[in-house]
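Pull up the structure and keep the sequence alongside. Let's take a walk through it, one piece at a time.

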Amino acid sequence: MTTNPVSAPAVIPDFGDDQPTRRKIAIICSKGNLDMAYPGLILANAALGEGIETHLFFTFWGFDMITKSRMRDLKFTMLGNTATHMPQGLGGLPGMTAMATHQMKKQIHDIGVPDVPEFLQQIVDSGGHLWACRMSADMMHIDESDLYEEVEGIISATDFIEKTEGAQLLFI
Amino acid sequence: MRRVSTLASIPIKQLFTLFPSKPAKKMAYIAGLPKPHGCV
């Protein structure tokens, strides 16, 4: 007769996979500045990494993030931004926006964060949904052909409200 | 997760198939690493 040595049961952490997750997040991206594009992208990416259904809705200036001709060319300006702690007059000098943008892009790149188009692709690959705002598209005379291919559609505010039933909303 | 995807050139989609819903946490657990602390 042989006895098996008593082995401790393997400890497997609870990843919460068994619990039904009904959590859902919708992020409205309304800004077209380089610095304001990232909060939405980073949060969407984090939510997807936690297995949460995520929708990004781009409206007004946020269109710059998904317009093919502009998404690689978002800018950061010191103008009106007191958090740079530089004299406000400096931001208005020619070339300052280009310089500040260059500097910020470099800093973003240095910490290993992708640029906007690549980040959007990562979000889509992770299962995120991208939507564009109907009214902004009409105002700016933009249609689907001008937008990033992964944008699922141009939807109205009502469609958005329907889609985000029960979701947590963030307006950026 | 981004590092795994870019350095090992494994598409993000595949990582989500292999480690459903929480790829970063699950990969860290299997690799014996602490929970990832970076934002991206």
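What follows goes from a central strand to the core, then to an exposed loop residue and the contact between chains.

One thing to keep in mind from the start: this is a predicted model.

Let's begin at β1 of chain A, residues 24-29. This strand is mostly covered, with five of its six residues buried. Who are its partners? On one side of the story there's β2(A), which runs parallel to β1(A) and is joined to it by six bridges. To get from β1(A) to β2(A), the chain passes through α1(A), and the resulting β-α-β crossover is right-handed. The other partner to look at is β5(A), residues 168-171, which also pairs with β1(A) in the parallel sense, here over four bridges.

A:I28 is a handy residue for seeing both pairings. It stands opposite A:F57 in β2(A), and in β5(A) its bridge partner is A:F171. As you look along these strands, remember that in a regular strand the side chains alternate between the two faces of the sheet.

Now for the greasy part. The largest nonpolar core holds 36 residues, and those with the most contacts inside it are A:L56, A:F58, A:M65, A:I66 and A:A132. Which elements of chain A give two or more residues to this core? They are β1 (24-29), α1 (34-49), β2 (53-58), α4 (116-125) and β3 (129-133). The largest share, seven residues, comes from α1(A), the helix you just met in the crossover.

Zoom in on A:F58 for a closer look. Leaving out residues up to four places away in sequence, A:F58 touches A:C29, A:F63, A:M65, A:I66, A:W131, A:A132 and A:C133.

For a change of scene, go to A:L93, in the loop between α2 (88-91) and α3 (96-110) of chain A. Is this leucine buried or exposed? A:L93 counts as exposed because it has 10 C-beta neighbours inside 10 Å, and the cut-off for exposed is 12 or fewer. From A:L93 to A:L79, 14 residues apart along the chain, the C-alpha separation is 9.7 Å.

Finally, bring in chain B. The contact takes 15 residues from chain B and 15 residues from chain A. On the chain B side, α2 (12-18) and α3 (23-31) each supply at least two residues, and α3(B) gives the largest share, five residues. What classes of residue does chain B bring to this contact? Its side has nine nonpolar, one polar and five charged residues.

Conventions: Residues numbered from 1 in each chain as written. Chains lettered and ligands numbered in written order. Predicted model: local features only at pLDDT ≥ 70, side-chain atom pairs only at ≥ 80, totals over all residues. Core = buried A, V, L, I, M, F, W, Y, C linked by C-beta atoms within 7 Å. Buried ≥ 20, exposed ≤ 12 C-beta atoms within 10 Å, placed from the backbone. Contact = placed C-beta atoms within 7 Å. Nonpolar A, V, L, I, M, F, W, Y, C, P; charged D, E, K, R; others polar. Pairing = 2+ DSSP bridges. Right-handed = clockwise from strand over helix to strand, strands pointing away.
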